[in-house]
Amino acid sequence: MTTAHDHVFRNALIYDGSGAAPYRGELGLTGDRISAIGGPGSIPSDAGEREHDLGGLALSPGFIDAHTHDDRIVLDVPDMLPKISQGVTSVVVGNCGISLAPVTFSGPPPAPMNLLGEARAYQFPSFAAYAAALARAVPGVNVAALVGHSALRLATMDDIAGKAGPAALDAMLAHADEAMAHGAIGLSTGLFYPTNAGADIEEVTRVAGRFAEHGGVYATHMRDEQDDVLKSIEETITTAEGARIPLIISHHKCAGVHNWGRTLETLPRLEAIAERHPVNVDVYPYAAGSTNLRADLITDTYRIMIAWSRPHPEMNARDLVDIAKEWDLDIHETARRLQPAGAIYFQMDEADVRRVISSKLAMIGSDGLPHDDHPHPRLWGTFPRVIGHYARDLKLFSIEAAVHKMTGLPAKVFKLAGRGRLAAGAFADLVVFDPATIIDKATYDKPLQQSLGIAKVFVNGVLSFSAAEGVVKRAGRLIGGRA
Ligand SMILES: [Zn+2]
């Protein structure tokens, strides 16, 4: 007798990714797809090649990390333990204007491109070359890839200080065509960064417009997340509406002590815009951010911790003020001597973080930096923290709402067909977790800690991670777009 399904899960608490309340039920998978789903007894007994009694544990779509810088780590360390151990089965790469394709470097990559590694990390003059490398690597998680505007500018412009001239713009549009033909999902900008800041509304609208013609989306790390955050939101809306492209505002925040509380202004504005144009935000569940160590972010009004330093790795994990004291220098000169470096900035208000995460526009994105020596804990803890800390313990929203923010919602926003929901015919990206115990363990002092409460993770129908065995197998692929 042949069995009807490769795996059958019974006695599951099913969160289907839609945001609907969970229900007791059963799910079968065959190959890389969900082959049956329903209430208790809906799947005949012994219909599975392998039968799993989940004993009441939660079964949900695998989590989609809406904002990552995993472009290179999926090739270099394809097990992706920091992510798959959180229940993440898909990552969106290429954020903040930073992507591996289509740029190469002969010398050290300028900040912020160095967040993905050194020059040898950049080996892909076309998106097709990057897609081929992903197919060879078979990462442990699926990858949906944006193309970074900084990468486009560095690949096509001699002087990136200003806006692109006609020849560079034409070259960028050709790259857009090539990338979208080979499975990219859209464009990202990082107008906050020097490699992207020279682009004005006209340039971004032209480039984004070409991605829109191919069905792409537009994610942006805005020009300003501090005093001019509202002005940046208006610039962003003008760009997205001009380009007729769905918009994602990256890691939405109001940074800097005197901007604390201003999500009371930004969120109502974004919700009003969402009535007429598709707009969403991604957010990580922490009140500290992390990026390069930048002169314009150095202040004594909030804590700054060093994540990495090329000349002074012995200062990793230490506070800038303490290093300054030890060196008998001011914080600005201390920061200069640590360069090139990365830092964690305690620049947000917890009340703002909670307000953003609770917004119906919000998807969960870790923004983790996998190449940092002492990374922000968001790399290892984001998803269990949203469910365990913010939903279960603080009751900011229901667990089904939390799951929706990391499954059905990002799948819809990034147009990841067949992902992010439990339904017959959908891809079998699944996570089994314990709603009573799921929690992050990574902290600012000890960031490399695996989260608790994730029992099993399936990627494209393949058991890829279990709490008992760790990484079992890798079955990720390029997803979204035309992939
Ligand atoms: Zn960013």
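**Exercise 1. Find how many residue pairs are in polar contact across the interface of domain 2 and domain 3, and describe that interface.**

Step 1. Across the interface of domain 2 and domain 3, the rule finds 15 residue pairs in polar contact, both residues being at pLDDT 80 or more; a polar contact is a pair of N or O atoms within 3.5 Å, where within protein one must be able to donate a hydrogen and the other to accept it, and residues adjacent in sequence count only if both atoms are side-chain atoms. On the side of domain 2 that touches domain 3, β15 gives the most, with 3 residues; strands (E, at least two residues) and helices (H or I, at least four) are DSSP runs, numbered from the N terminus.

Step 2. Note what kind of model this is: it is predicted, local features need pLDDT of at least 70, side-chain atom pairs count only at pLDDT 80 or more, and totals for chains, interfaces and linings use all residues. Residues are numbered from 1 along each chain as its sequence is written, and side-chain values use heavy atoms, with hydrogens and water left out.

Step 3. Place the domains, whose bounds come from an automatic or database domain assignment: domain 1 covers 5–61 + 424–471, domain 2 covers 63–288 + 343–413, and domain 3 covers 289–342. The centres of domain 2 and domain 3, taken over C-alpha atoms, are separated by 25 Å.

Step 4. Count the residues in contact, that is, with heavy atoms within 4.5 Å: 26 residues of domain 2 touch 20 residues of domain 3.

Step 5. Turn to buried area, the accessible area (1.4 Å probe) that two parts lose on being put together, summed over both. Domain 2 and domain 3 bury about 2,100 Å² between them, with 52% of it on carbon and sulfur atoms. Of the area that domain 2 buries against domain 3, Ala343, Tyr345 and Phe346 supply 33%, more than any other three residues.

Step 6. Look for salt bridges, in which a side-chain nitrogen of Lys or Arg is within 4 Å of a carboxyl oxygen of Asp or Glu. The rule finds 1 salt bridge across this interface.

**Exercise 2. Identify which protein donors the zinc ion has, and locate them along the chain.**

Step 1. The protein donors are Cys96 (SG), His221 (ND1) and His251 (NE2), which lie 2.1 to 2.2 Å from the zinc ion; donors are N, O and S atoms within 2.8 Å of the metal (3.2 Å for Na, K and Ca), and water is not among the atoms, so sites may look incomplete.

Step 2. Along the chain, these donors follow the spacing C-x124-H-x29-H. Distant parts of the chain are linked by the pair Cys96 and His251, 155 residues apart, with Cys96 in the loop between β7 (88–93) and α3 (127–137) and His251 in the loop between β11 (247–249) and α8 (263–273).

Step 3. Both Cys96 and His251 are buried, where buried means under 20% relative accessible area, exposed over 50% and partly exposed in between (1.4 Å probe, protein chains only).

**Exercise 3. Decide where Ala424 lies and which residues are in contact with Ala424.**

Step 1. Ala424 is found in the loop between α14 (408–413) and β17 (430–433), and it is exposed, with a relative accessible area of 56%.

Step 2. Ala424 and Ser35 are 389 residues apart in sequence, yet 5.2 Å apart in space, C-alpha to C-alpha. Leaving aside neighbours within four places in sequence, Ala424 is in contact with Ile34 and Ile37.
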